[in-house]
Structures are given as C-alpha cells and as structure tokens.
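Me: I'd like a close look at one part of this protein, explained for someone in their first year. Here is what I'm looking at.

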Amino acid sequence: MENMDSIWGFIGIIVFACGVYAIYSFIKMKSTGEINASLLLGKDYMYKTCKNKEEYIKKAGPALLIFGLVSFAYGIIDVIHCYMHPMAAVDTAGMVIFFIVLVLFAVYTARLKREYF
C-alpha cells in the first residue's frame, strides 16, 4: 500500500506542477499576448497562424486559468493525502473534479483550435 501511495503522491506533484505552469502561462499570455503552444495548441499548430489572436486569448484564457487553479488545488490535496494526512473522500472528490475539468479543457480548447487556426 505504501508504494501505491507514493506513486499517487508523485502524480499529485506532477498535477501541482502542471497547475503552476498553467497559471504562469495564463499570466504570461494575458501580459504579453503570447499563446502557450504546448498547453493550448500542440505541436501541429503555430500560434502565429491564429486568425484572431486577441479573441482567442479572450476565450482560451479563462479556461486555462480554471484548469490551472483546479490542477494546483488537486495537486495540493493529493500530496497532503499521500504524504501528510490521509483523507480519501476529499482526495477522490478532488480527482473526479480534476478529471472532469481536464476533459472539458481538452474539448473546449480543441474547439477553439478548429475555430481560430
């Protein structure tokens, strides 16, 4: 059981880091107008080919921020659950919310890619 918890705790650390990176990318995108290709576009898209960059940022920004905040929060919850204080119900609820937000983020940003690229 201990090994399994440490694996899940490691995943929590990764999710936390993704949340920090997404929040950082949101702030950078809002301040510089640069679209984070790795989080929002993927390797097949060049942000310079965007049809309306300002509108894309206006629509993608809130989704990126929500994804970042949920990832950040779930990462903290999972690390606390795995390494400090077991709280299975809270951790499970956090994981479900995280996965729902992850799927919605992926679907929404894929739609935006089709619309603006």
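In which helix is H81 found? Could you walk me through that helix and what surrounds it?

Reply: H81 is found in helix α3, so let's make that helix our starting point, with a reminder that the model is predicted.

First, the overall setting. The protein chain has four helices and zero strands, and reading along the sequence gives you the pattern α-α-α-α. The C-alpha trace spans about 50 × 25 × 20 Å along its principal axes. Of the 117 residues in the chain, buried ones make up 35%.

Now for α3 itself, which covers residues 53–84. Let's go through a few of its residues, beginning with H81. With a relative accessibility of 16%, H81 counts as buried, because the cut-off for buried is under 20%. Its side chain also has a partner: a polar atom there lies 2.8 Å from the backbone nitrogen of M87.

S71 is another residue of α3. Its relative accessibility is 0%, so S71 counts as buried too. The side chain of S71 reaches a backbone atom, the oxygen of F67, at 2.8 Å. A general point about helices helps here: an α-helix has 3.6 residues a turn, so residues three or four places apart point the same way.

A63 also has its place in α3. This residue is buried, with a relative accessible area of 15%. Try tracing from A63 to I23: the two are 40 residues apart in sequence, and their C-alpha atoms are 11 Å apart in space.

Next comes the neighbour, α4. Two packed helices are described by the angle between their axes and the distance between the axes. For α3 and α4, the axes come within 9 Å and cross at roughly 160 degrees. Since angles over 145 degrees count as roughly antiparallel, that makes α3 roughly antiparallel to α4. The crossing of the two is left-handed. And what sort of residues make up the contact of α3 with α4? By class, there are 20 nonpolar, three polar and six charged residues.

It's worth checking the length of α4 as well. This helix runs over residues 88–116, which is 29 residues. At 1.5 Å a residue, α4 should span 42 Å, and its end C-alpha atoms are 41 Å apart, which agrees.

Several residues of α4 are buried, among them D91, G94, F98, V101, F105 and T109. Further along the helix, L112, K113 and Y116 are buried as well. Take V101, whose place is in α4: its relative accessible area is 16%, so V101 is buried. Compare its position with that of T49: the pair is 52 residues apart in sequence and 27 Å apart in space, C-alpha to C-alpha.

Finally, have a look at the stretch leading into α3. G42 is found in the loop between α2, which is residues 37–40, and α3. At 30% relative accessibility, G42 counts as partly exposed, because its value falls between the cut-offs of 20% and 50%. If you look from G42 across to A110, you're jumping 68 residues along the chain, yet the C-alpha atoms are separated by 9.8 Å.

So, to pull the picture of α3 together: H81, S71 and A63 are buried residues, and the helix lies roughly antiparallel to α4.

How values were computed
Residues are numbered from 1 along each chain as its sequence is written. This is a predicted model: local features need pLDDT of at least 70, side-chain atom pairs count only at pLDDT 80 or more; totals for chains, interfaces and linings use all residues. Side-chain values use heavy atoms; hydrogens and water are left out. The expected span of a helix is 1.5 Å times one less than its number of residues. Buried means under 20% relative accessible area, exposed over 50%, partly exposed in between (1.4 Å probe, protein chains only). Axes are lines fitted to C-alpha atoms, for helices over the stretch in contact, and angles run from 0 to 180 degrees between N-to-C directions. Angles under 35 degrees count as roughly parallel, over 145 as roughly antiparallel, 65 to 115 as roughly perpendicular and the rest as oblique. A crossing is left-handed if the near helix is turned anticlockwise from the far one by less than a right angle, and right-handed if clockwise. Ala, Val, Leu, Ile, Met, Phe, Trp, Tyr, Cys and Pro count as nonpolar, Asp, Glu, Lys and Arg as charged, and the others, Gly among them, as polar. A polar contact is a pair of N or O atoms within 3.5 Å; within protein, one must be able to donate a hydrogen and the other to accept it, and residues adjacent in sequence count only if both atoms are side-chain atoms.
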